[in-house]
Amino acid sequence: MKLELANLGCGYGQRSVVKDVSLTVNEGEVICLLGANGCGKTTLIKTVLGLLKPREGHILLDGINVKSWSCARIARVIGYIPQLHDPPFPFQVLDVVLMGRTAHIKPFSSPSRKDEQIARRCLEMLNISHLEDRVYTEISGGERQLVLIARALAQEPQILIMDEPTSSLDFGNQVKVLSHIQQLSRMNIAVLMSCHFPEHAFLYSTRVILLNEGRILYSGAPAEAITAERLKTLYGVEVDIVTVRNRMNQELQVCVPSRHLTAENEPPQTMERRNRYALACSSQ
Amino acid sequence: MHSNAEYTIDVKKPARPYYWKLISLLLILILIFILSFALGRYPVSPLELISVLAARFFSGIPVFWEATVETVVFQVRLPRILAAILVGAALATAGAAYQGMFKNPLVSPDILGASAGAGFGAALAIYFSLNMVGIQVMAFIGGLLAVSLTYGISLRIKHDSMLALVLSGVMIGSLFTACISMIKYIADPYDKLPAITFWLMGSLASITQRDVKMAIIPILLGMVLLFLLRWRLNVIAMGEEEAQVLGLNTKRLRTLVILCCTLMTAAAVSISGLIGWVGLVIPHLARMIVGPNYRVLLPASILLGGAYMLLVDDLARLLASMEIPLGILTALIGVPFFLYLLLNSRWGWK
């Protein structure tokens, strides 16, 4: 399934946030949306999901305008993985995953055994079957994010959309979640995600879209798109892009801030205080 | 990913152990139901009770009891027992559904102002000497008005949404309570005022078969609809946007749930008066027993609400030589229980 945005403009009420965005997401692609806070990533995602009405332009799925589609019809094609949050009630993990079946279940019925099987299958795909009977609010953040991915998979979507799926995860969980996402693209699911780290885009995406003040600055393969100059435009900081080799002798790109905080440019009072603190500690 | 044929591994697991819990709750309700026939000022022996009940269904049972027994069982106790079950189940179900829909475990028909609104409507109807249908319609309009106001105001408060809903509910509730006081103030002190006052305290003492017949339709209607929608309450409890993205038409569901809950509350209030705390406490108690999944929580709230109300009504009949108003008893039982929940909040929701 191909997702196409044609001259899309979006925003809240009278305020226009995103202007003239055109892009195509094809099967098997992993697309990273990069941009500073407030550049319109979330607004764009909300519009694609149907939560906001486009101010101008169209959203097309396989060439069909989704304007008049019901939210259930959209949900059968597009799955969404939100940022972590606390639900008000301590639902079981399996019940949370079953919610992914909403769009496939008739208005006045409950999930069937088949729906339960699909939910369990999705947990299994992410190797978290052991969490099935656990309480969603009591598992770790990384596990919860995986449960939300399983829930999106239970929707049986062809396109997955994520809004900073790793923003509240620790380093290890970020790596785990992102590599799971990469595997999904091998199942011919298209992935469109916003992210905070250019490095994640280097590692996991097939294409990068740089969003600056609501407009596309550049769209292309990660190595071409992410340059020191463009990152300066996007985030307003000097960055060096360094090529390193990992232990498998693969070349990787990393971004390092050019100016980082060292003892030299720290204000002197702080140094003084630090020395005093060190003295106080050693005399004890 | 798209065809079910790929799900080759058939992961079969036994059904989750909810059903025996629901069955136990049903058995408890039936037990209290039978017990309630025998309890009361006029003694009815178990043998008499069983024979009188059986005689309704089977002919040929020799009549050895006095005619009074039959009157007591069918004219006095049966309507009252049915009304207690209906009112308790209605308030508990409405409370449970409101909590899920507003994703707020602290709301109930009384806290949202629905009860006070329905009470105002009903008091107004009594003031204008309307009949039972009039009382119910007015109660429904009042309740709906109150909930809409509460919800509308809470949406405009930008801070803590959970607190905003509770606070605006409290405000709207006291507004309607003030309106009720106003009606009491201008009501005829010899005729209307005692009627309104006694009815407001919450009582099932003067219930008739006709009252039950009038209330059973709206309550069952709301209950059946909510029962069918119950799984979707799980989804909407995850939040408006998330539910929508999962494919739920949240506007339609919200409207339907508010209508059902308010209909049930209004029907309950119009036959029993204001009975507080049931809609808040019972869903929490049910959640402690069966967990937060509305698939089970809703039927559990129905059964538990009915059983609880019936038990409290039995206490109201038996504790003192004079009947104690139900609203007083439910508050005396409900408040300490809810305090316990708050202090051990792990039990309640988190």
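Among the contacts in chain A that join residues at least 6 apart in sequence, 64% link residues at least 24 apart, and this figure, like everything that follows, is computed from a predicted model. Chain A contains 10 helices and 12 strands, and its C-alpha trace spans about 70 × 45 × 45 Å along its principal axes. Of the 284 residues in chain A, 41% are buried.

The domain assignment divides chain A into domain 1, which covers residues 3-226, and domain 2, which covers residues 237-284. The centres of these two domains of chain A, taken over C-alpha atoms, are separated by 35 Å, and the contact between them takes 5 residues from domain 1 and 5 residues from domain 2. On the domain 1 side of this contact, helix α7 of chain A (residues 198-204) gives the most, with 3 residues, and the residues of that side divide into 4 nonpolar, no polar and 1 charged.

We can turn next to the nonpolar interior. The largest nonpolar core has 181 residues, and those with the most contacts inside it are Val97(A) and Ala150(A). The largest share of this core, 18 residues, is supplied by helix α3 of chain B, which runs over residues 67-101. If we set aside the neighbours of Val97(A) within four places in sequence, this residue is in contact with Ala119(A), Cys122(A), Leu123(A), Val147(A), Ala150(A), Arg151(A) and Ala154(A), a list that includes Ala150(A), the other residue named for its contacts inside the core.

The two chains also meet each other, with 31 residues of chain A in contact with 29 residues of chain B. On the chain A side, the elements that give two or more residues are α2 (71-75) and α4 (113-125) of chain A, and of the elements on that side α4(A) gives the most, with 4 residues. Sorted by class, the side of chain A that touches chain B has 19 nonpolar, 7 polar and 5 charged residues.

A single residue of chain B can close the tour. Gly143(B) is found in helix α5 of chain B, which covers residues 132-156, and Gly143(B) counts as buried because it has 35 C-beta neighbours inside 10 Å, where 20 or more are required. Leaving aside its neighbours within four places in sequence, Gly143(B) is in contact with Ala114(B), Gly117(B), Ala118(B), Gly121(B), Thr262(B), Thr265(B) and Ala266(B). Ile236(B), by contrast, is 93 residues away from Gly143(B) along the chain, and the C-alpha atoms of these two residues are separated by 22 Å.

Definitions and conventions: Residues numbered from 1 in each chain as written. Chains lettered and ligands numbered in written order. Predicted model: local features only at pLDDT ≥ 70, side-chain atom pairs only at ≥ 80, totals over all residues. Contact = placed C-beta atoms within 7 Å. Nonpolar A, V, L, I, M, F, W, Y, C, P; charged D, E, K, R; others polar. Buried ≥ 20, exposed ≤ 12 C-beta atoms within 10 Å, placed from the backbone. Core = buried A, V, L, I, M, F, W, Y, C linked by C-beta atoms within 7 Å. Domains from an automatic or database assignment.
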